Amino acid sequence: MSSVSSKSSENECSNSNLPVREIPGDYGSPFFGAIKDRLDYYYNLGSDEFFRTKSQKYNSTVFRTNMPPGPFIAKDPKVIVLLDAISFPLLFDNSKVEKKNVLDGTFMPSTNFFGGYRPCAFLDPSEPKHATLKGFYLSLISKFHNQFIPLFITSVSALFQNLESEMSKNGKANFNNITDAMSFDFVFRLLCDKTSPHDTNLGSNGPKYFDLWMLPQLAPLVTLGLKFVPNFLEDLILHTFQLPFFLVRWNYKKLYDAFSEHAGRFNAYGGMKIMFPSLIKWVASGGKRLHARLANEIRMTIKEEGGSITLSAINKMCLTKSTVYEALRIEPPVSFQYGKAKEVIMVQSHDSSFLIKKGEMIFGYQTFATKDPKVFEKSEEFVAERFMGSEGEKLLRLMFSPLYS
């Protein structure tokens, strides 16, 4: 059994007897307050310490602050922050929050990066095109569902072969570069009827083209960590003005031509690029005992299923599923969630209720919400068995409450 504790009952989510408290925090002086918060977030404190310090200062997991990138790029950097597991799910309630153009937070990249269109991820579910595009993506998933596992096995096999080859040749291997290539290969083959990106105009450069296309879009939200570039100069270049599309027009055209010829849409690589290395890292940290238990469960289940890896077989692998969920909990691939209040909302934390006005921007930091110590025992530790058994199922429902609603 896992070492977990569901300290917060499901009833707490709807406890109307909590005291109503004014949302603490402020935005500082106009213009310069947002600049100060941006510098603290990126350089002086770092993201985790930025939120931790403010939460301790206000003695609250719900508070006001500015979120990067701030002036010039963001029209309004002011947000209400949700850091606990009770308040965070509000951001998935489409009846209360609007998701229009908030994928990247307080700003939106130019639609030039998307051929002049607003992609589905920037549409609110209430917009007609959202349902059309979502239906299209679901039809693709349905069409290719029998190919997921065989193609993934092929791609992962190539991954480990390349790792072994690089280790033999150089004595070390860059896992992230190799896994990026694997992730891109898998997604491209899946969406392009098993066509290898190496057989297209992309060659082996697909991941590089994709990363270069994404960089100007996400530049306001990242730091490059270049030791030879002063912080103020990096902040000026990345976080003051949006980088123009023409810098990556050629890379975008290469990606567009490849997918236009062999598929129709490109999706999922960005998520796999982040999640797969994280999953491998945390599984590796579990030690030999966990590795042996996972291997035994997987091999025994596959044997019982007739020797094939199927979705049905995977669904029976309790420890394996719990391990993946735990990796997602401790290091979420997507840490930020945003939404604008569609109406006046009363949001609750563990100990208070807070009134959010219509139109206010709400921000949730999932890295803290899924490590809420009032919900997850040993919240900072990787516990592979955490989501096993009945208690683990309760925690899973709380962590992924939008999927169960």
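Helix α5 is mostly covered, with twelve of its 17 residues buried, where buried means under 20% relative accessible area, exposed means over 50% and partly exposed lies in between, for a 1.4 Å probe and protein chains only. The model is a predicted one, in which local features need pLDDT of at least 70 and side-chain atom pairs count only at pLDDT 80 or more, while totals for chains, interfaces and linings use all residues. Residues are numbered from 1 along each chain as its sequence is written, and side-chain values use heavy atoms, with hydrogens and water left out. Helices (H or I, at least four residues) and strands (E, at least two) are DSSP runs, numbered from the N terminus.

Helix α5 covers residues 175-191, and because its expected span at 1.5 Å a residue is 24 Å, the 24 Å between its end C-alpha atoms agrees with that value; the expected span is 1.5 Å times one less than the number of residues. Among the buried residues of α5 are I178, M182, F184, F188 and L191, and what covers the buried residues of this helix includes α3 (128-144), α4 (148-170), α6 (206-218), α8 (249-262) and α9 (269-285). At the N-terminal end, N174 caps α5, with a side-chain oxygen 3.2 Å from the backbone nitrogen of N176. Just after the helix, D193 takes a positive phi of about 55°.

The helix also takes part in the largest nonpolar core, a term for a set of buried Ala, Val, Leu, Ile, Met, Phe, Trp, Tyr and Cys residues joined through side-chain atoms within 4.5 Å. Of the 25 residues in this core, F184, F188, L202, W213 and L255 touch the most other members. Helices α3, α5, α6, α8 and α9 each supply at least two residues of the core, and the largest share, six residues, comes from α5. A second, separate core of 20 residues includes Y41, F51, V81 and L221.

Turning to the strands, β7 (residues 361-365) has five of its five residues buried, so it is largely enclosed by the rest of the structure. In a regular strand the side chains alternate between the two faces of the sheet. Both faces of β7 are covered, with M361, F363 and Y365 buried on one side and I362 and G364 buried on the other.

Two strands count as paired if DSSP finds at least two bridges between them. Strand β2 (residues 78-82) runs parallel to β7 and is joined to it by three bridges, with I80 standing opposite I362. Strand β4 (residues 336-341) pairs with β7 in the antiparallel sense over five bridges, and the bridge partner of F336 in β7 is Y365.

How values were computed
Contact = heavy atoms within 4.5 Å. Polar contact = N/O pair within 3.5 Å; in protein donor to acceptor, adjacent residues only side chain to side chain.
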